[in-house]
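Work through the exercises below with the sequence and the coordinates at hand, and try each task before turning to its solution.

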Amino acid sequence: MIVILGAGAFGTALAITLARSHAVTLWARDPQHAAEMQGTRENARRLPGVSLPENIRVCAEIETVETADAVLLAVPMQRLRALLEEHGARLAGPPLVACCKGIELTTGLGPTQIIAQILPQSPAAILTGPSFAANIAKGLPTALTLACTDDEIGRPLQSLLSTGTLRLYRTTDVIGAELGGALKNVMAIGSGVVMGAGLGESARAALMTRGFAEMCRMATALGARPDTLSGLSGFGDLVLTCTSDQSRNTRFGQSLGRNEAFDPTITVEGAATARAVCQRAAELGIDMPVSRAITALIDGELQVDQAMDMLLSRPLKEE
Ligand SMILES: NC(=O)C1=CN([C@@H]2O[C@H](COP(=O)(O)OP(=O)(O)OC[C@H]3O[C@@H](n4cnc5c(N)ncnc54)[C@H](O)[C@@H]3O)[C@@H](O)[C@H]2O)C=CC1
Ligand SMILES: O=C(CO)COP(=O)(O)O
């Protein structure tokens, strides 16, 4: 049995694909939402148009998870700590698999580090990489990264969470996998700004490439393996997110580039993570001009033309 906490788009999509071969319990914090989903067999709020298989049980109470094979944590990054602090006592036992992408703004920590702080006895892993919830839910082919420092735990989790259409690759480089997923969202906002402001596809390619250099710079400074960043959670997710209008981070960036408002109820992980990245980069003494410019745009401290001037007037250098 697999338990999924968080009935947003991603939690629901994972429940649907995993229900092909497992019983799944999907927890929604809002009892009305849980009842709605359990009754209509659809998550009309976050993933409309896809039916929930019968072996998904939706509930609003976290019951005992002791017998679960794994617990997936599919809530937004900045909410993970609150979720674990509130419900941690009932989560002890099975491996906890973070399914969120980002860096915690208040601490600079990644998802598995937060799990280790709050529930140090629980094995922690992260599931990340290029995927849109709607694609997974429709059973379209998708490949993700499952990262766990302990390969004895990572191996069975890889088998457990792979399905006929969802292929998981395994790594022990948790830092690299986490940072790949976190940092690409910042670049997706930048890429949205470029396209929204009409700066052209060449500029987007430049931003993605120099952004990728920054992602590798920060990740390796924090102990990641460079080849992890070249994989699914890094290069793969950067390409998907920066080039698709399905991405909420990209759409948020497009709105910024057009000087338009964006619906604040939509999850945009890259916004808080951009600030966290700048703080962390300053502490580490790493130069991350693209991330700095994107953060200043998000915070309204720079306009697009000023951000472009800032980036283009930097001293010329070797690639
Ligand atoms: N939607 C997608 O295509 C993908 C999303 N992800 C990641 O999955 C994570 C979750 O994103 P989505 O499901 O898309 O977001 P979403 O906005 O669709 O849903 C988030 C869910 O979390 C719940 N939630 C918020 N705060 C909570 C709390 N304190 N306790 C319990 N539940 C809480 C909300 O009620 C909502 O149901 C993000 O980190 C995102 O980057 C990863 C890959 C694909
Ligand atoms: O993480 C994702 C794709 O891999 C989803 O991207 P958004 O959160 O930008 O929609």
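**Exercise 1.** Determine which residues Ile4 touches, not counting residues up to four places away in sequence, and place Ile4 in the largest nonpolar core.

*Solution.* With contact taken as heavy atoms within 4.5 Å, Ile4 touches Gly11, Leu14, Ala15, Leu18, Val24, Thr25, Leu26, Trp27, Leu72 and Ala74. This is a predicted model, in which local features need pLDDT of at least 70, side-chain atom pairs count only at pLDDT 80 or more, and totals for chains, interfaces and linings use all residues. Residues are numbered from 1 along each chain as its sequence is written, and side-chain values use heavy atoms, with hydrogens and water left out.

Next, take a nonpolar core as a set of buried Ala, Val, Leu, Ile, Met, Phe, Trp, Tyr and Cys residues joined through side-chain atoms within 4.5 Å, where buried means under 20% relative accessible area (1.4 Å probe, protein chains only). The largest such core has 38 residues, of which Ile4, Ile56, Leu72, Val97 and Leu161 touch the most other members. Helix H1 (residues 9-18) supplies its largest share, six residues. A second, separate core of 31 residues includes Val186, Ala274, Ile286 and Ile294.

**Exercise 2.** Decide whether Thr128 is buried or exposed, and list its contacts.

*Solution.* Thr128 is found in strand S8 (residues 124-128), strands being DSSP runs of E with at least two residues and helices runs of H or I with at least four, numbered from the N terminus. Its relative accessible area is 2%, so Thr128 is buried. Leaving out residues up to four places away in sequence, Thr128 touches Lys101, Leu144, Thr145, Ala177, Gly181 and Ser233.

Terms used. Chains are lettered from A and ligands numbered from 1 in the order in which they are written. Buried means under 20% relative accessible area, exposed over 50%, partly exposed in between (1.4 Å probe, protein chains only).
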